[in-house]
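Q: I am a first-year student, and I would like a careful look at a single part of this protein. Please begin with that part and then connect it to its surroundings.
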Amino acid sequence: VGTGTLAVRDPECHEGRPVVRLDFSFQGRVMLMSIRDRTLSLVDLEHHHTLRYEKEERHPMGTRDERVAIYPGAGLWEPEGGVAKALHAPHPLDELSFIYLARSVRLGDGEMREFDLHFDAGRSPVRLRDRGRERVRVPAGTFDTRVVEMEVRDPSRFGETGRVVLHLTDDQARVPVKITSA
């Protein structure tokens, strides 16, 4: 239904810390309706946790704008225009940085692992499950992949729990070549 881009930008400085910017953008159509998603994460390179998270979604069922500042040293996260809340994890992640975590986790055939790392307690745990190997054809070519299902809790988006299926190249790089979600 559309095309997307995942990118890791060159390291930069954010509030005196070296960070890497993760960008995800997607545009597509379902029949006559357009869909757009842009997500940004700033991840602390030294401690591997999220410092800033932004999401803009536009689709026929509504819109969603979320901007969050995360302060691991203070144990807080703060939605833009909202009240600061206690962090759920000492090294918090957001939904985009979980995709990069999924790339680094080696799962055995059929293995499932649970991670209690989301900055928002209501969105933890996140489960990663190995779904085997699959050859996929995408506009960039044909790839042998490992299929990893990411089960995420997000009541505002999925009702309760959603599933994101990642097709990661079955090699050392584990590049996401296909991502599907409801």
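How many nonpolar, polar and charged residues does the lining of the largest pocket have, by class?

A: This is a predicted model, and what follows is computed from it. Sorted by class, the lining of the largest pocket has 24 nonpolar, 9 polar and 10 charged residues. The pocket itself holds about 1,400 Å³ of space, and of the 43 residues that line it, Phe24, Phe26, Ile179, Thr180 and Ser181 are the closest to its centre. Strand 13, which covers residues 176-181, contributes the most to this lining, with 6 residues. As background, rolling a probe the size of a water molecule over the atoms shows where empty space is left.

It helps to set this beside the next pocket. The second largest pocket has about 260 Å³ of space, and its lining is made of Val20, Leu22, Val43, Asp44, Leu45, His48, His91, Leu93, Ser97, Tyr100, Leu101 and Leu117. Strand 3 (17-30), strand 4 (33-44) and helix 1 (95-104) are the elements that each give two or more residues to that lining, and helix 1 gives the most, with 3 residues. By class, the lining of the second largest pocket has 8 nonpolar, 3 polar and 1 charged residues.

Helix 1 therefore deserves a closer look, since 8 of its 10 residues are buried and it is largely enclosed by the rest of the structure. The buried residues are Glu95, Leu96, Ser97, Phe98, Ile99, Tyr100, Leu101 and Ala102, and Ser97, Tyr100 and Leu101 also appear in the lining of the second largest pocket. An α-helix has 3.6 residues a turn, so residues three or four places apart point the same way. At the start of helix 1, a side-chain oxygen of Asp94 comes to within 2.8 Å of the backbone nitrogen of Leu96.

From the helix we can move to the nonpolar interior. In soluble globular proteins, nonpolar side chains tend to be buried together. Here the largest nonpolar core has 23 residues, among which Phe98, Leu128 and Met150 touch the most other members. At least two residues of this core come from each of strand 3, helix 1, strand 10 (126-138), strand 11 and strand 12 (161-169), and helix 1 gives the most, with 6 residues. Leaving out residues up to four places away in sequence, Phe98 touches Leu93, Phe115, Leu117, His118, Val126 and Met150. A second, separate core has 6 residues, including Val68, Ile70, Leu87 and Phe119.

Strand 11, which spans residues 141-153, also contains Arg146. Although its side chain is charged, Arg146 has a relative accessible area of 8%, and because this is under the 20% cut-off, Arg146 counts as buried. The side chains of Arg146 and Asp109 are joined by a polar contact of 3.2 Å. Beyond its neighbours within four places in sequence, Arg146 is in contact with several residues, including Leu107, Asp130, Arg133, His167, Asp170 and Arg174.

For a contrast, consider His59 in strand 5 (residues 50-59). With a relative accessibility of 31%, His59 counts as partly exposed. Not counting residues up to four places away in sequence, His59 touches Ser34 and Ile35. Measuring along the chain and through space gives two views of another pair, for His59 and Arg29 are 30 residues apart in sequence and 9.1 Å apart in space, C-alpha to C-alpha.

Methods:
Residues numbered from 1 in each chain as written. Predicted model: local features only at pLDDT ≥ 70, side-chain atom pairs only at ≥ 80, totals over all residues. Heavy atoms only, no water. 1 Å grid on protein atoms, 1.4 Å probe; cavity = no way out; pocket = protein on both sides within 12 Å on 5 of 7 lines; lining within 4 Å. Points joined across faces, edges and corners; volume = space filled by probe spheres on them. Helix = DSSP H or I, 4+ residues; strand = E, 2+ residues; numbered from the N terminus. Buried < 20%, exposed > 50% of the residue type's maximum accessible area, 1.4 Å probe, protein only. Polar contact = N/O pair within 3.5 Å; in protein donor to acceptor, adjacent residues only side chain to side chain. Contact = heavy atoms within 4.5 Å. Core = buried A, V, L, I, M, F, W, Y, C linked by side-chain atoms within 4.5 Å.
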